[in-house]
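The exercises below ask you to work through a protein model step by step, with the structure open beside the text. Try each task yourself before you read its solution.

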Amino acid sequence: MNLLTFDTHAKLHESGAGIITGLVQTNPRAVLGLATGGTPIGIYEEIVKSYQRGVVRFRDTTTFNLDEYVGLPEDHAESYRNYMNMHLFNHVDLPRAQAHIPDGNAADAQAECAHYDKLLEQAGQIDLQLLGLGHNGHIGFNEPDHALISGTHIVELREETRKANARFFDSMEQVPSHALTMGVGTILKAKMILLVVKGEDKAEIVHRALTGPITTDCPASLLQTHPHLVVLMDSEAGRLFQ
Ligand code: F6R
């Protein structure tokens with residue numbers, strides 16, 4: 001596990017973007033696992049800047065997002081499809097057919113999950129999986145539970161997750177109750193995992209996840225078992241490691 005702490009967000013974002021664009025420069029056919037939420041926005045901004053400077057291209061790259069809300073129209077401001085369009089896809093040359101996000105409006109959610117797993121299997125291993133961290137230790141939308149599911153599945157979001165994400169909606173009632181998410185099995189199969197954690201409010205959970213017991217009560221603790229985990233933290237989130 002390689003833990004890196006940054007004293008400014010600018011440095012953290014540049015480093016995160018550098019790891020991702022470096023991979024795509026050396027392997028243009030890379031398969032990237034992508035995350036949404038507040039944490040990676042600055043990293044996507046830096047990736048777009050690199051693309052605009054002409055130092056990286058995404059024509060041959062394939063991406064798989066971790067998750068999508070159930071029941072939000074695709075063009076809803078807070079759908080993860082819309083988020084990815086706004087922060088990355090609209091600004092780079094990644095062909096849309098190669099940018100995969102689970103369809104949260106599929107009539108048959110189980111079939112959609114099976115289809116997503118099929119696409120992942122066909123793409124081969126994810127080369128790099130970008131992750132944020134939930135306050136309760138979730139990764140993707142794999143919430144703390146007595147057991148975790150390996151493949152893509154439908155999940156009922158925990159109250160604390162809906163509350164945390166309510167900041168992006170007008171009210172808590174508008175936050176969807178369910179999501180489709182990649183499972184922990186798929187996440188852990190990635191060749192490299194890039195976990196990004198920012199803010200004092202994540203200091204305890206990131207410390208517990210990376211140094212505490214490995215338990216399904218804290219899904220991110222399973223990352224301790226991964227052979228190639230890189231963690232980027234701001235100094236607030238990394239406080240307990242010093
Ligand atoms: C997003 C995702 C979530 C977030 C996590 C942290 O695709 O899967 O696990 O990474 O909820 O969210 P932020 O970054 O908003 O604190």
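The UniProt record, an unreviewed entry, places the feature "domain: Glucosamine/galactosamine-6-phosphate isomerase" at residues 17-226. The model used here is a predicted one. Within it, the end C-alpha atoms of residues 17-226 lie 21 Å apart, and the span is 32% helix and 15% strand.

**Exercise 1.** Classify the ring pair formed by Y51 and F58, and decide whether each of the two residues is buried or exposed.

*Solution.* We begin with the general idea that a pair of aromatic rings is described by the distance of the centres and the angle of the planes. The structure holds eight aromatic pairs. For Y51 and F58, the centres are 6.5 Å apart and the planes stand at 40 degrees, so this pair is tilted. The next step uses the cut-off that buried means under 20% relative accessible area. Y51 has 18% relative accessibility and therefore counts as buried, and F58, at 5%, counts as buried too.

**Exercise 2.** Classify the ring pair of F64 and Y116, and find out which parts of the chain this pair ties together.

*Solution.* The ring centres of F64 and Y116 are 5.7 Å apart, and their planes meet at 80 degrees; because planes over 60 degrees apart count as edge-to-face, this pair is edge-to-face. Next, we locate the residues: F64 belongs to strand β3 (residues 62-65), while Y116 belongs to helix α4 (residues 109-123), so the pair ties together parts that are 52 residues apart in sequence. Finally, F64 counts as buried at 1% relative accessibility, and Y116, at 1% as well, also counts as buried.

**Exercise 3.** Describe the sheet that contains β4, β8 and β7, and state which strands stand at its edges.

*Solution.* The three strands form an open sheet in the order β4-β8-β7, with antiparallel pairing. Reading this order from its ends, we find β4 (67-69) and β7 (153-156) at the edges, each with a single partner strand, so one side of each has no neighbour in the sheet. Neighbouring strands are turned against each other by 25 degrees on average, direction ignored. Looking at one pairing in detail, we see that β4 and strand β8 (residues 178-181) are joined in the antiparallel sense over three bridges, and that D67 has T181 in β8 as its bridge partner. Helix α4 packs on this sheet and touches β7 and β8, its direction making about 125 degrees with that of β7.

**Exercise 4.** Which residues do ring pairs link into a cluster?

*Solution.* Following the ring pairs from residue to residue, we find that Y44, Y69, Y80, Y83, F141 and F169 are linked into a cluster.

Methods:
Residues are numbered from 1 along each chain as its sequence is written. This is a predicted model: local features need pLDDT of at least 70, side-chain atom pairs count only at pLDDT 80 or more; totals for chains, interfaces and linings use all residues. Side-chain values use heavy atoms; hydrogens and water are left out. Rings of Phe, Tyr and Trp (its six-membered ring) pair if their centres lie within 6.5 Å; planes under 30 degrees apart count as stacked, over 60 as edge-to-face and the rest as tilted. Buried means under 20% relative accessible area, exposed over 50%, partly exposed in between (1.4 Å probe, protein chains only). Helices (H or I, at least four residues) and strands (E, at least two) are DSSP runs, numbered from the N terminus. Two strands pair if DSSP finds at least two bridges between them. Axes are lines fitted to C-alpha atoms, for helices over the stretch in contact, and angles run from 0 to 180 degrees between N-to-C directions. Contact means heavy atoms within 4.5 Å. UniProt positions are given in the numbering used here, feature names are shortened, and annotations may be inferred rather than shown by experiment.
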